[in-house]
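Visitor: I have a structure open in front of me and I'd like to ask a few things about it. Could we go through it together, one question at a time?

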Amino acid sequence: MTEGRPVAEPVQSIVVPTDGSDVARRALDHALSIAERYDATVSVLAVVDPNGAALTFGVAEVDELERAKERLVDDIVSTYDDRTVDVTGTVRRGRPAGEILAYANEIGTDLLVVGRSNRDGVTETLRRSTTDRIVTDTSIPVLVVPEPDAE
Amino acid sequence: MAHAHSVLVPHDGSSEAQAALQFALELVPDARIVLFHAIDPFEVRPDESGLPPATKEWLDEQEEVTATLLDEARSDVDAPDASIETATAVGSPAQTIVAAVDETAVDHIVMGSSGRAGAAGERLGSTAQLVVRRASVPVTVVR
């Protein structure tokens, strides 16, 4: 039955960026269900963007942001402690899309799973969202999970 | 939460689309796959001048071309056990793909980043871009 199929599982490593939003959580749920199926590892990544606010943050604020992101990632990882999937967390500094793709390439991931908030559509003419940039700028397959429609 | 069981794979005959089909089969091996092609009345092809005539004959011919395209795509994958259906619609690719989600009851889209209409060097085709932004289900973009 498996004749002709690649011997290796198609997905062994999945990267899921998170900013703590509900849509990022939905993306993580998707990633976990795929990871369970293939016994893949899931790397949750939060990025501290020192230039993310209207005013550039100072050193103290960036450190504080970084600690907050570390708590976020730790919380997520401990939530999934009892799952069969190996979930790890990482915090990096930089521009979100670029940092996410750099990390994905470094660990040689097979799949990126990212959330898409409906706001992205509204602001699409003003600025490209991180999700947009990721989908455009990588050769790694990207699974984009939408926010559920407000009904 | 359940993983995707029904996957829509838009196919325009390009190698990118074929790679997406292959990826869908690997990602969700027991899925029901719906191979989809949009007949676009406004597609401008390099070998033709102007828009095609919107006649019944043209549509019949397009439907035949589409059937061949989808049959070839289906027979070119190495998945003898896969359940692959086909579906078509007339209209702009992005709009018909987004609408086909409900019509074909799929819970996931897997598509190539750019198809045969993509400009050289373009990293994300306009169809993939629109589908990623508008689809109500998860979309996996494959290169």
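Visitor: Is A:R83 buried, partly exposed or exposed in this model?
Guide: Keep in mind that this model is predicted. A:R83 sits in the loop between α2 and β3 of chain A. Its relative accessibility is 30%, and the partly exposed class runs between 20% and 50%. So A:R83 counts as partly exposed.

Visitor: Leaving aside neighbours within four places in sequence, which residues is A:R83 in contact with?
Guide: Take A:L32 to begin with: A:R83 and A:L32 are 51 residues apart in sequence, yet their C-alpha atoms are 8.9 Å apart in space. Once the neighbours within four places are set aside, the residues in contact with A:R83 are A:L32 and A:E36.

Visitor: How many salt bridges turn up over all chains?
Guide: For this one you search the whole structure. A pair counts when a side-chain nitrogen of Lys or Arg is within 4 Å of a carboxyl oxygen of Asp or Glu. Over all chains, the search finds 10 salt bridges.

Visitor: How many residues apart in sequence are the parts that A:R93 and A:D63 tie together?
Guide: The side chains of these two, A:R93 and A:D63, meet in a salt bridge, 2.9 Å from N to O. A:R93 belongs to strand β3 (residues 86-93) of chain A and A:D63 to helix α2 (residues 59-79) of chain A, so the pair links parts whose separation in sequence is 30 residues.

Visitor: And which residues are linked with A:R93 in a network of salt bridges?
Guide: A:R93 is partly exposed, at 40% relative accessible area. A:D63 is partly exposed too, at 31%. The network of salt bridges links A:R93 with A:D63 and A:E66.

Visitor: Over in chain B, about how much of a helix separates B:K56 and B:D60?
Guide: The side chains of B:K56 and B:D60 form a salt bridge, 2.8 Å from N to O. B:K56 is exposed, with a relative accessible area of 55%, while B:D60 is partly exposed at 32%. They are 4 residues apart in helix α2 (residues 56-75) of chain B, so the separation is about one helical turn.

Visitor: Which residue forms a salt bridge with B:D71?
Guide: Look in helix α2 of chain B, 3 residues away from B:D71, which is about one turn of the helix. B:D71 is partly exposed at 41% relative accessibility, and its partner is partly exposed at 33%. The closest N and O atoms are 3.2 Å apart, and the partner is B:R74.

Visitor: Is B:H11 buried or exposed?
Guide: B:H11 lies in the loop between β1 (6-10) and α1 (15-27) of chain B. Setting aside neighbours within four places in sequence, B:H11 has contacts that include B:L35, B:F36, B:L69 and B:L70. Its relative accessible area is 4%, and the cut-off for buried is under 20%. So B:H11 is buried.

Visitor: Which residue has its backbone nitrogen 2.9 Å from a polar atom of the B:H11 side chain?
Guide: You need the side chain of B:H11 here, and one of its polar atoms. The backbone nitrogen at 2.9 Å from that atom belongs to B:G13.

Visitor: Now for where the chains meet: about how much area do chain A and chain B bury between them?
Guide: The size of an interface is often given as the accessible area lost when the parts come together. Here the contact takes 30 residues from chain A and 26 residues from chain B. Of the buried area, 53% is on carbon and sulfur atoms, and the total is about 2,500 Å².

Visitor: Which element gives the most to the side of chain A that touches chain B?
Guide: Between the chains there are 2 salt bridges, and in a salt bridge the side chains of B:D30 and A:R37 meet at 3.4 Å, N to O. The elements of chain A giving two or more residues to that side are α1 (22-38), β4 (111-116), α5 (130-137) and β5 (142-146). The one that gives the most, with 6 residues, is α1(A).

Visitor: Which residue stands opposite A:V144?
Guide: β5(A) pairs with strand β5 (residues 139-142) of chain B in the antiparallel sense, over 3 bridges. In β5(B), the residue opposite A:V144 is B:V139.

Definitions and conventions
Residues are numbered from 1 along each chain as its sequence is written. Chains are lettered from A and ligands numbered from 1 in the order in which they are written. This is a predicted model: local features need pLDDT of at least 70, side-chain atom pairs count only at pLDDT 80 or more; totals for chains, interfaces and linings use all residues. Side-chain values use heavy atoms; hydrogens and water are left out. Contact means heavy atoms within 4.5 Å. Buried area is the accessible area (1.4 Å probe) that two parts lose on being put together, summed over both. Two strands pair if DSSP finds at least two bridges between them. Buried means under 20% relative accessible area, exposed over 50%, partly exposed in between (1.4 Å probe, protein chains only). A polar contact is a pair of N or O atoms within 3.5 Å; within protein, one must be able to donate a hydrogen and the other to accept it, and residues adjacent in sequence count only if both atoms are side-chain atoms.
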